[in-house]
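Work through the exercises below with the sequence and the structure open. Each task is followed by a solution in steps.

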Amino acid sequence: MNIRHKHKAAFHKEYGKPLVIEDVITPIPKDEEVLLKTISVGICHSDVHIWKGEASWPLPMIPCHEVIGRVAVKGDRVPENVRIGETAIFYYAVYTEEDKYTRRGLTQHAKTMKHYMGGLQEYILIPHYKFLVNADGLKDLPAAAPLGCAALSAYGAVKKIRHEVEPDDYVAVIGLGGLGIFALQWIKTFVPQVNIIGIDIREEALNFSSRIVKVDELINASKEDPAKAIENITRGEGVKAVIDFVGSSETLSTYIKTLSPLGIYVLVGLAGIRGLTLPSSFTILDLECKIQGNSMGSLPDLYDVVDFARRGRLNYIDVVTKRWRFNAEEINTAFKELHEGKVLGRQVIVFE
Ligand SMILES: [Zn+2]
């Protein structure tokens, strides 16, 4: 078997400090485990929260959870149909026991669910083959890593508004980064009859997203009062749904007021990781609005996401704007640029 005994892995050793690359022993998979040879990993904003110490993740750790790779070695209870050399995207909300949620396909709510990190290394041990979604046939494998979190979380968020909106309603998407651009695409796919308002504070993010998805209105919230702009666009009706990929107290208090009665506010972004303040009771009571969280998506959702990408119904390739190599300098630049808000779309680190 052409597997080295050691491989290179990138570690967070101290919060906010540069990552370091070290040799680690390459694990040998047993039972249902699979050793995946990494093709690429995406860097997610939650990786930056962990890096800064905001997510209280114990160190040292190998970050990143958007992973695509090739099956390198199989444990002896991995079935025939999982083939050596096949490509797969990792579903990182792993769980150890089936329960009433997993049986309904709501795997992200499994009682034993844990977010599994460790993508930023040449080989990653996958705890069970069922968390691998075959990716063969995807046109651009290195660009496909973000399907495992960014595209999936946006898919989960859009599913939450799907049955809440009617033709000609307005939907606002706050934050047009990696997830926001996927959300615009999912809205076009699932509720194409609504009017979409895309909002960001970066002109270049607005321009970038409009090159990938054509939306009805764009608002630069650093240049104009977004609440007023929404009022004008919707002729005072407000939006039926907001999907908030920023998730700060500021975005929540600004945009919840733009909802029409019985509207829905989907929170996805983690900016309020240390606490979130709700606006006045009356805002919520009078509107009878719904505030719903979104925790990525389910394993069945990931099958859908990969399928859409494979059939060319989801543009995941142009969402990736930077492809870094796996070395300390480029990895640290990638983290720094995401932290500083300089990244458009998604960036990936490519191993092969
Ligand atoms: Zn993520």
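## Exercise 1: Three residues in one loop

Ser-56 is found in the loop between H1 and E4. The model is a predicted one.

Task: Decide whether Ser-56 is buried or exposed, and describe its phi angle.

Solution.
- Step 1. Count the neighbours: Ser-56 has 9 other C-beta atoms within 10 Å.
- Step 2. Apply the cut-off: a residue is exposed if 12 or fewer other C-beta atoms lie within 10 Å of its own. Ser-56 is therefore exposed.
- Step 3. Read the backbone: phi of Ser-56 is positive, about 40°, although Ser-56 is not a glycine.

Task: Repeat the exercise for Cys-64: is it buried or exposed?

Solution.
- Step 1. Locate the residue: Cys-64 lies in the loop between H1 and E4.
- Step 2. Count the neighbours: 27 other C-beta atoms lie within 10 Å of Cys-64.
- Step 3. Apply the cut-off: 20 or more make a residue buried, so Cys-64 is buried.
- Step 4. Read the backbone: Cys-64 is not a glycine, yet has a positive phi of about 85°.

Task: State which peptide bond leading to Pro-60 is cis.

Solution.
- Step 1. Locate Pro-60, which is in the loop between H1 and E4.
- Step 2. Check omega: the bond from Leu-59 to Pro-60 has omega near 0° and is cis.

## Exercise 2: Strand E5 and its partners

Task: Find which residues of strand E5 are buried on each face, and which strands pair with E5.

Solution.
- Step 1. Take the faces of E5 (residues 87–90): Thr-87 and Ile-89 are on one side, Ala-88 and Phe-90 on the other, and all are buried. Both faces of E5 are thus covered.
- Step 2. Take the pairing with strand E4 (residues 66–74): E4 and E5 are antiparallel, with three bridges. Ile-68 has Ile-89 of E5 as its bridge partner.
- Step 3. Take the pairing with strand E9 (residues 132–134): E9 and E5 run antiparallel and are joined by three bridges. Ala-88 has Asn-134 of E9 as its bridge partner.
- Step 4. Move to strand E3 (residues 34–42), where Leu-36 lies. Leaving aside neighbours within four places in sequence, the contacts of Leu-36 include Ala-88 and Phe-90, as well as Arg-70 and Val-71.
- Step 5. Leu-36 counts as buried because 25 C-beta neighbours are inside 10 Å.

## Exercise 3: An exposed loop residue

Task: Name the residues in contact with Asp-216, leaving aside neighbours within four places in sequence.

Solution.
- Step 1. Locate Asp-216 in the loop between helix H5 (203–212) and strand E12 (217–220).
- Step 2. Asp-216 has 12 other C-beta atoms within 10 Å and so is exposed.
- Step 3. The contacts of Asp-216, apart from those sequence neighbours, are Asn-195, Ile-196 and Ile-197.
- Step 4. Check one distance: from Asp-216 to Ile-196 is 5.3 Å, C-alpha to C-alpha, across 20 residues of sequence.

## Exercise 4: The nonpolar core

Task: State which residues touch the most other members of the largest nonpolar core.

Solution.
- Step 1. Start from the general expectation: in soluble globular proteins, nonpolar side chains tend to be buried together.
- Step 2. The largest nonpolar core has 109 residues, and Val-171, Ala-172, Ala-183 and Ile-243 touch the most other members.
- Step 3. Helix H3 (residues 150–162) gives this core its largest share, eight residues.
- Step 4. Domain 1 and domain 2 each contribute at least three residues to this core.
- Step 5. Follow one member: not counting residues up to four places away in sequence, Val-171 touches Ile-161, Val-165 and Ile-187, among others.

## Exercise 5: Domains and the whole chain

Task: Describe how the two domains meet, then judge the overall dimensions of the chain.

Solution.
- Step 1. By the domain assignment, domain 1 is 6–149 + 297–350 and domain 2 is 153–293.
- Step 2. In the contact between them, 19 residues of domain 1 meet 15 residues of domain 2.
- Step 3. On the domain 1 side, helix H1 (45–51) and helix H9 (299–310) each supply at least two residues. That side is made up of seven nonpolar, six polar and six charged residues.
- Step 4. The domain centres, taken over C-alpha atoms, are 27 Å apart.
- Step 5. A compact globule of 352 residues would have a radius of gyration near 20 Å, and the chain has 20 Å, so the two agree.

Note on methods:
Residues numbered from 1 in each chain as written. Predicted model: local features only at pLDDT ≥ 70, side-chain atom pairs only at ≥ 80, totals over all residues. Domains from an automatic or database assignment. Contact = placed C-beta atoms within 7 Å. Helix = DSSP H or I, 4+ residues; strand = E, 2+ residues; numbered from the N terminus. Nonpolar A, V, L, I, M, F, W, Y, C, P; charged D, E, K, R; others polar. Rg over C-alpha atoms; globule rule 2.2 N^0.38 Å. Core = buried A, V, L, I, M, F, W, Y, C linked by C-beta atoms within 7 Å. Pairing = 2+ DSSP bridges.
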